[in-house]
Structure formats: structure tokens, C-alpha cells
Amino acid sequence: MSDFDTVRVNDIPEDAAILDVREDYEWVAGHADGAVHIPLDQLPARLDELDPDHDLYVICRTGGRSFRAAQWLTGQGYTAINVSGGMDQWLEAGKPLVSDNGLKPLVL
């Protein structure tokens, strides 16, 4: 049992703070517009970049890394919500993507 919630992509509020914990190459290829990018392995060193007063919807590609990140963030006093299915479900749900490489956005 976890101490944090898990939601589906379609249950993320429109104005939610989304934390993408995928690797740099995954982020560059395609991500949710407005999301914050901190790869999972950099999270402890970059924790001060996150606002502890906002709920964080944590996403990765399929839900494994975001689960670990949400678990860790909750232990640090943050309200973290794991996004089940991750960016694969984001894409399947037809949610908008942007890329940082000038190419058509995609999920790697």
C-alpha cells in the first residue's frame, strides 16, 4: 500500500503541476506543455525547484519511475500523485504534446 494517490491521465486537473521524471532524450522528443522536467536520478539534488505547497502529478513513460518518485516525494513532505500509464496513456488519450527538438512530438 502506498501513502500517495494514483490517477489516470484523464483525471489530472487542467491546471495541475506536472512533474516529468523521464530522461532528457525522452523529454526532448515529447512532453506535456507546461510540465517541469527533473529526471528521477536528479530529483534529490533538485528538490528545491519544486513548490511544496502544490500537488505534484508525477509522470514518466509507463508509471514505474513516477511511482518511485511519488513515493520518495511523499516521504519528503510533498503531496505527490502518481500518473498511472504515464506518457504512453497521455498519448493514447489524445492529450497535447510538445517537443524541444523541432520535430513532431512523440513518446519514447
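The following questions and answers introduce a predicted model of a protein.

Q: In what pattern do the helices and strands of the protein follow one another along the sequence?
A: In this predicted model, the secondary structure comprises 3 helices and 5 strands. Read along the sequence, these elements are arranged as β-β-α-β-β-α-β-α.

Q: What is the radius of gyration of the protein, and what does the globule rule give for 108 residues?
A: The C-alpha atoms fill a box of roughly 40 × 30 × 25 Å along the principal axes. For 108 residues the globule rule gives 13 Å, and the protein comes close to that value, so it is as compact as a globular protein of that length. Both the rule and the radius of gyration stand at 13 Å.

Q: What percentage of the contacts between residues at least 6 apart in sequence join residues at least 24 apart?
A: Contact here means heavy atoms within 4.5 Å. Among contacts between residues at least 6 apart in sequence, the share that joins residues at least 24 apart is 65%.

Q: How much of the exposed area of the protein do carbon and sulfur atoms supply?
A: Of the 108 residues, 43% count as buried. The protein exposes about 6000 Å². Of this area, the part supplied by carbon and sulfur atoms is 47%.

Q: How far apart do the centres of the positive and negative side chains lie?
A: The protein has 8 positive and 19 negative side chains. Each set has its own centre, and the distance between the two centres is 9 Å.

Q: Why is the pair formed by phenylalanine 4 and phenylalanine 67 stacked, tilted or edge-to-face?
A: The structure holds 1 aromatic pair. The ring centres of phenylalanine 4 and phenylalanine 67 lie 5.1 Å apart, with the planes at 65°. Planes over 60 degrees apart count as edge-to-face, so the pair is edge-to-face.

Q: How many residues apart in sequence are the parts that the aromatic pair ties together?
A: Phenylalanine 4 belongs to the segment before strand S1 (5–7), whereas phenylalanine 67 belongs to helix H2 (residues 64–75). The pair therefore ties together parts whose separation in sequence is 63 residues.

Q: Which of phenylalanine 4 and phenylalanine 67 is buried, and which is partly exposed?
A: Buried means under 20% relative accessible area. Phenylalanine 67 has a relative accessibility of 34% and counts as partly exposed. At 8%, the buried residue is phenylalanine 4.

Q: Which residues does proline 39 contact, leaving aside its neighbours within four places in sequence?
A: Proline 39 is placed in the loop between strand S3 (36–37) and strand S4 (56–59). The residue is buried, with a relative accessible area of 1%. Its contacts beyond those neighbours are Asp20, Val21, Arg22, Asp24 and Arg46.

Q: How far apart in space are proline 39 and arginine 65, C-alpha to C-alpha?
A: Along the sequence, proline 39 and arginine 65 are 26 residues apart. In space, their C-alpha atoms are separated by 9.4 Å.

Q: Which residues are in contact with glutamate 26, leaving aside its neighbours within four places in sequence?
A: Glutamate 26 is part of helix H1 (residues 24–29). Its relative accessibility is 3%, and the residue counts as buried. With those neighbours set aside, glutamate 26 is in contact with Arg61, Arg65 and Leu108.

Q: How far apart in space are isoleucine 18 and valine 36, C-alpha to C-alpha?
A: Isoleucine 18 lies in strand S2 (residues 17–20) and counts as buried at 12% relative accessibility. Among the residues isoleucine 18 touches beyond four places in sequence are Tyr57, Trp90 and Val36. Isoleucine 18 and valine 36 are 18 residues apart in sequence, and their C-alpha distance is 6.2 Å.

Definitions and conventions. Residues are numbered from 1 along each chain as its sequence is written. This is a predicted model: local features need pLDDT of at least 70, side-chain atom pairs count only at pLDDT 80 or more; totals for chains, interfaces and linings use all residues. Side-chain values use heavy atoms; hydrogens and water are left out. Helices (H or I, at least four residues) and strands (E, at least two) are DSSP runs, numbered from the N terminus. The radius of gyration is taken over C-alpha atoms; the globule rule is 2.2 Å times the number of residues to the power 0.38. Buried means under 20% relative accessible area, exposed over 50%, partly exposed in between (1.4 Å probe, protein chains only). Accessible areas come from the Shrake-Rupley method with a 1.4 Å probe; for residues, only the protein chains shown count as cover. Lys and Arg count as positive and Asp and Glu as negative; His and the chain ends are not counted. The place of a charge is taken as NZ of Lys, CZ of Arg, CG of Asp or CD of Glu. Rings of Phe, Tyr and Trp (its six-membered ring) pair if their centres lie within 6.5 Å; planes under 30 degrees apart count as stacked, over 60 as edge-to-face and the rest as tilted.
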